[in-house]
Amino acid sequence: KTRVAVLISGTGSNMVSLIEAGQAPDAPYEVVLAVSNIADAAGLDKARALGVQAVAVEHAPFGKNREAHERAVDALLREHGVQVVALAGYMRLLTPWLVRGWAGRMLNIHPSLLPLYPGLNTHARALEAGDQEAGCTVHIVTEGVDEGPALGQARVPILPGDTAEILSERVKAAEHQLYPQILMKFLNAPKP
Ligand code: GAR
C-alpha cells in the first residue's frame, strides 16, 4: 500500500475521510502520518484516535523562513517513508523547494470549482458572484497556488438563503466523498 501523509492546519475533516477510506482492506493506500503546522489543531487528536501518528511542526519558530519550516516537515515525511502527500486544509503557501521535491506526488483539495476562486474565502466569493453552483477540486500541486492539473471535481447547488458557512458545510460533505475517491484513482492509474 502507498504510504500517504496528510498535512492539515485545523479541523481535519478531510483528513479523517482519507484515513478512514485508507483503512479499508482493499484500499491502495494507508495514511501513516498526519502533520499540522498548528500545535493545537483539532485534527491531530482525530488522527491519533484513528490510530495514525500525528505530529505538529509549528511554523512560528521558523519566522519568515518558510523553507526551513518545510525542511523540518519534509524530513519527517521521509523518516516515515511517505510516498504521497495529501494537503487537506493546510493553510500555508508552499515554496518551490517543497513543491519540486514532491512533484507529481502531492495532491491538494480546494473548496471551489477551479479555475474559479483560487485562494481564500471561496464560498463568500461564489455567493457574491451570484453563482448557481459551487464545489471542490482535487488537483496536483504545482508551483502556482491552486493551479495544478485537476484530477477531479464535485459540484453542489447553491440554494436560496445560503451563507458562506452553510455552503461550506455542503461543499465539505462533497469533499469528503471526492478526496479519497480521487486519491485512489490517482494511485491506481498507470504512471508514466
Ligand atoms: C476544506 O474545505 C478545504 O477544501 C479547505 O479548507 C477546508 C479544511 O477543512 N482548503 C483550503 O481552503 C486550501 N486553501 P478540514 O480541516 O475540515 O478538512
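**Exercise 1.** Does asparagine 121 count as buried or exposed, and where is the place of this residue?

*Solution.* The model is a predicted one.
Step 1. Asparagine 121 sits in the loop that connects strand 5 with helix 5.
Step 2. The cut-off must be recalled: a residue is exposed when its relative accessible area is over 50%, and buried when this area is under 20%.
Step 3. Asparagine 121 has a relative accessibility of 60%, so it counts as exposed.

**Exercise 2.** Describe the backbone features that stand out in the loops of this chain.

*Solution.* Step 1. Begin with the general expectation: most residues other than glycine have a negative phi, and most peptide bonds are trans.
Step 2. Asparagine 121 is not a glycine, yet its phi is positive, at about 55 degrees.
Step 3. Aspartate 146 likewise has a positive phi, of about 60 degrees, without being a glycine. This aspartate belongs to the loop between strand 6 and strand 7. With 15% relative accessibility, aspartate 146 counts as buried.
Step 4. The peptide bond between leucine 114 and proline 115 is cis, with an omega of about 15 degrees. Proline 115 is located in the loop between strand 5 and helix 5.

**Exercise 3.** In what order do the strands of the sheet lie, and which are the edge strands?

*Solution.* Step 1. List the elements: the chain contains six helices and seven strands. Along the sequence they follow the pattern β-α-β-α-β-α-β-α-β-α-β-β-α.
Step 2. The seven strands make an open sheet with mixed pairing, in the order 3-2-1-4-5-6-7.
Step 3. Strand 3 (53–56) and strand 7 (150–157) are the edge strands, each of them pairing on one side only.
Step 4. From one strand to the next, the twist averages 20 degrees.

**Exercise 4.** Show, with bridge partners, which strand pairs run parallel and which run antiparallel, taking three pairs as examples.

*Solution.* Step 1. Strand 1 (residues 2–8) and strand 2 (residues 29–36) are parallel and are joined by seven bridges. Within this pair, valine 4 has valine 31 of strand 2 as its bridge partner.
Step 2. Strand 5 and strand 6 are antiparallel, with four bridges between them. Here histidine 110 is partnered by threonine 137 in strand 6.
Step 3. Strand 6 and strand 7 are also antiparallel, and seven bridges link them. In this pair, cysteine 136 has alanine 154 of strand 7 as its bridge partner.

**Exercise 5.** Why is strand 6 described as largely enclosed, and which helices lie against the sheet?

*Solution.* Step 1. Of the eight residues of strand 6, seven are buried; the strand is therefore largely enclosed by the rest of the structure.
Step 2. Helix 6 (residues 164–188) lies across six strands, namely strand 1, strand 2, strand 4 (84–87), strand 5 (106–110), strand 6 (133–140) and strand 7. The helix runs at about 155 degrees to strand 7.
Step 3. Helix 2 (residues 42–49) also packs on the sheet, where it touches strand 1, strand 2 and strand 3. The direction of helix 2 makes about 160 degrees with that of strand 3.

**Exercise 6.** How many residues of helix 1 are buried, and what covers them?

*Solution.* Step 1. Helix 1 (residues 13–22) has ten residues, and nine of these are buried.
Step 2. The cover includes strand 1, strand 2, helix 2, strand 4, strand 5 and helix 6.
Step 3. Take alanine 21, a residue of helix 1, as an example. Its relative accessibility is 19%, so it counts as buried.
Step 4. Leaving aside residues up to four places away in sequence, alanine 21 touches Ala27, Tyr29, Pro180 and Met184.

**Exercise 7.** Characterise the surroundings of aspartate 162.

*Solution.* Step 1. Aspartate 162 lies in the loop between strand 7 and helix 6.
Step 2. With a relative accessible area of 13%, aspartate 162 is buried.
Step 3. A polar atom of its side chain lies 2.9 Å from the backbone nitrogen of leucine 159.
Step 4. Apart from residues up to four places away in sequence, aspartate 162 touches Leu127, Pro157, Leu167 and Arg170.

**Exercise 8.** Assess whether the overall dimensions of the chain agree with those of a compact globule.

*Solution.* Step 1. For 192 residues, a compact globule would have a radius of gyration near 16 Å; the chain has 16 Å, and so the values agree.
Step 2. The C-alpha trace spans about 50 × 40 × 35 Å along its principal axes.
Step 3. Of the 192 residues, 48% count as buried.

Key:
Residues numbered from 1 in each chain as written. Predicted model: local features only at pLDDT ≥ 70, side-chain atom pairs only at ≥ 80, totals over all residues. Heavy atoms only, no water. Pairing = 2+ DSSP bridges. Helix = DSSP H or I, 4+ residues; strand = E, 2+ residues; numbered from the N terminus. Axes fitted to C-alpha atoms, helices over the stretch in contact; angles between N-to-C directions. Contact = heavy atoms within 4.5 Å. Rg over C-alpha atoms; globule rule 2.2 N^0.38 Å. Buried < 20%, exposed > 50% of the residue type's maximum accessible area, 1.4 Å probe, protein only. Polar contact = N/O pair within 3.5 Å; in protein donor to acceptor, adjacent residues only side chain to side chain.
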